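Q: Please take a close look at one buried loop position in this model, and then place it in the setting of the chain around it. I would like to know what surrounds the residue and how other local features compare in kind.

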Amino acid sequence: TEAALSKAAGLHYNAENYSKSLVYFERFAKISTSANNTLNARTGIMRCQFKLNNFQACADMASQILSSEKVSDIQKRETNYKLAVSLYNLGNKDKAFPILKQLSGDTNSGEGAEAKFLVADILFEKQKLKESENEIMDFIDKNSPHQFWLAKSFILLSDIYLKNGDEFQAKHTLKSIEENYPDPNDGILETTRRKLQVIEAGEAAQTKNQSK
């Protein structure tokens with residue numbers, strides 16, 4: 001029965017039927033007779049809850065997994081990532097921050113690249129603009145292959161420049177994204193152009209006032 005439930009849960013998960021997969025993983029967890037199967041079932045539950053944006057349930061399960069014995073380093077990394085992102089989305093950013101900071105050391109991984117951006121974003125929200133800028137510059141220096149999170153960080157950098165009253169640098173940064181970012185469909189260029197329009201509208205208004 002355990003093997004059948006595990007197989008059914010996995011098949012539904014791979015087919016992106018996360019709600020159905022969750023049902024099977026929860027049944028699997030209830031009847032599991034070994035620590036290894038329990039850990040696998042809980043990991044499946046956590047992954048489903050994360051995919052379903054059930055962040056509180058995901059964080060609760062992640063905490064259970066991290067308190068388990070014999071959790072591998074790879075499992076710990078995935079679990080800490082899902083815990084941190086869940087806490088971030090729940091608004092508990094102070095608790096998420098140290099976990100994200102730890103994960104952000106490796107920006108070659110997708111999780112680490114996202115964590116690096118989120119660290120800078122949290123610092124920006126706390127008005128720690130210089131610290132946020134330093135995180136972004138460090139991210140740029142690391143040559144991460146994850147262009148989406150790098151672009152998000154450049155957009156955040158433009159917001160820092162605007163906060164500091166440097167519209168020229170903000171506009172230049174956004175223009176650079178607009179001219180070089182390769183994917184037209186993931187929302188980066190849309191956000192970039194919207195922010196550029198706001199800056200350019202402000203410039204036009206300023207020019208009009210000066211000409212009066």
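**A serine between two helices**

A: The residue to examine is Ser144, which sits in the loop joining helix 8 (129–141) to helix 9 (147–163). The model is a predicted one, and every value below is computed from it.

Although Ser144 belongs to a loop, this serine has a relative accessible area of 4% and is therefore buried, the limit for that class being under 20%. The side chain of Ser144 has polar partners on the backbone of two residues. A polar atom of this side chain lies 2.7 Å from the backbone oxygen of Thr107. A polar atom of the Ser144 side chain is also found 3.2 Å from the backbone nitrogen of His146. Both distances fall within the 3.5 Å used for a polar contact.

Once neighbours within four places in sequence are set aside, the residues in contact with Ser144 are Thr107, Asn108, Ala113, Phe139 and Leu150. Thr107 thus appears in this contact list as well as supplying the backbone oxygen described above.

The loop of Ser144 also holds Asn143, placed likewise between helix 8 and helix 9. Asn143 has a relative accessible area of 64%, so it counts as exposed, whereas Ser144 is buried. The backbone of Asn143 shows a positive phi of about 55°, although the residue is not a glycine. A second asparagine with a positive phi is Asn53, at about 60°, and this residue is not a glycine either. Asn53 lies in the loop between helix 3 and helix 4 (55–66), and its relative accessible area of 51% makes it exposed.

The wider setting is a helical chain. There are 11 helices and zero strands, which along the sequence gives the pattern α-α-α-α-α-α-α-α-α-α-α. The radius of gyration is 21 Å, well over the 17 Å that the globule rule gives for 212 residues, so the chain is more spread out than a compact globule. Along the principal axes, the C-alpha atoms fill a box of roughly 80 × 30 × 30 Å. Of the 212 residues, 42% count as buried. Among contacts between residues at least 6 apart in sequence, 50% join residues at least 24 apart.

Buried positions also occur within the helices. Thr79 is part of helix 5 (residues 73–89) and, with a relative accessible area of 1%, is buried. Apart from neighbours within four places in sequence, Thr79 is in contact with Met46, Ala62, Ile65 and Leu66. The C-alpha atom of Thr79 is 12 Å from that of Leu39, a residue 40 positions away along the chain. In helix 3, Gln49 counts as buried at 8% relative accessibility. Contacts of Gln49, with neighbours within four places left out, are made with Leu22, Glu26, Asn54, Ala57 and Cys58. Between Gln49 and Leu90, 41 residues apart in sequence, the C-alpha separation is 13 Å.

A further buried residue leads to the largest pocket. Phe28 is placed in helix 2 and counts as buried at 2% relative accessibility. Not counting residues up to four places away in sequence, Phe28 touches Glu2, Leu5, Ser6, Asn37, Asn40 and Ala41. Its C-alpha atom is separated by 7.8 Å from that of Thr38, 10 residues away along the chain.

Phe28 is one of the residues lining the largest pocket, together with Ser6, Gly10, Tyr13, Asn14, Phe25, Asn37, Asn40, Thr43, Gly44, Arg47 and Gln75. Two or more lining residues come from each of helix 1 (2–14), helix 2 (18–31) and helix 3 (35–51). Helix 3 provides the largest share of the lining, five residues. By class, the lining comprises three nonpolar, eight polar and one charged residues. The space in this pocket is about 180 Å³.

To return to the position requested, Ser144 is a buried residue in the loop between helix 8 and helix 9, with side-chain polar atoms placed close to the backbone oxygen of Thr107, at 2.7 Å, and to the backbone nitrogen of His146, at 3.2 Å.

Terms used: Residues numbered from 1 in each chain as written. Predicted model: local features only at pLDDT ≥ 70, side-chain atom pairs only at ≥ 80, totals over all residues. Heavy atoms only, no water. Helix = DSSP H or I, 4+ residues; strand = E, 2+ residues; numbered from the N terminus. Buried < 20%, exposed > 50% of the residue type's maximum accessible area, 1.4 Å probe, protein only. Polar contact = N/O pair within 3.5 Å; in protein donor to acceptor, adjacent residues only side chain to side chain. Contact = heavy atoms within 4.5 Å. 1 Å grid on protein atoms, 1.4 Å probe; cavity = no way out; pocket = protein on both sides within 12 Å on 5 of 7 lines; lining within 4 Å. Points joined across faces, edges and corners; volume = space filled by probe spheres on them. Nonpolar A, V, L, I, M, F, W, Y, C, P; charged D, E, K, R; others polar. Rg over C-alpha atoms; globule rule 2.2 N^0.38 Å.
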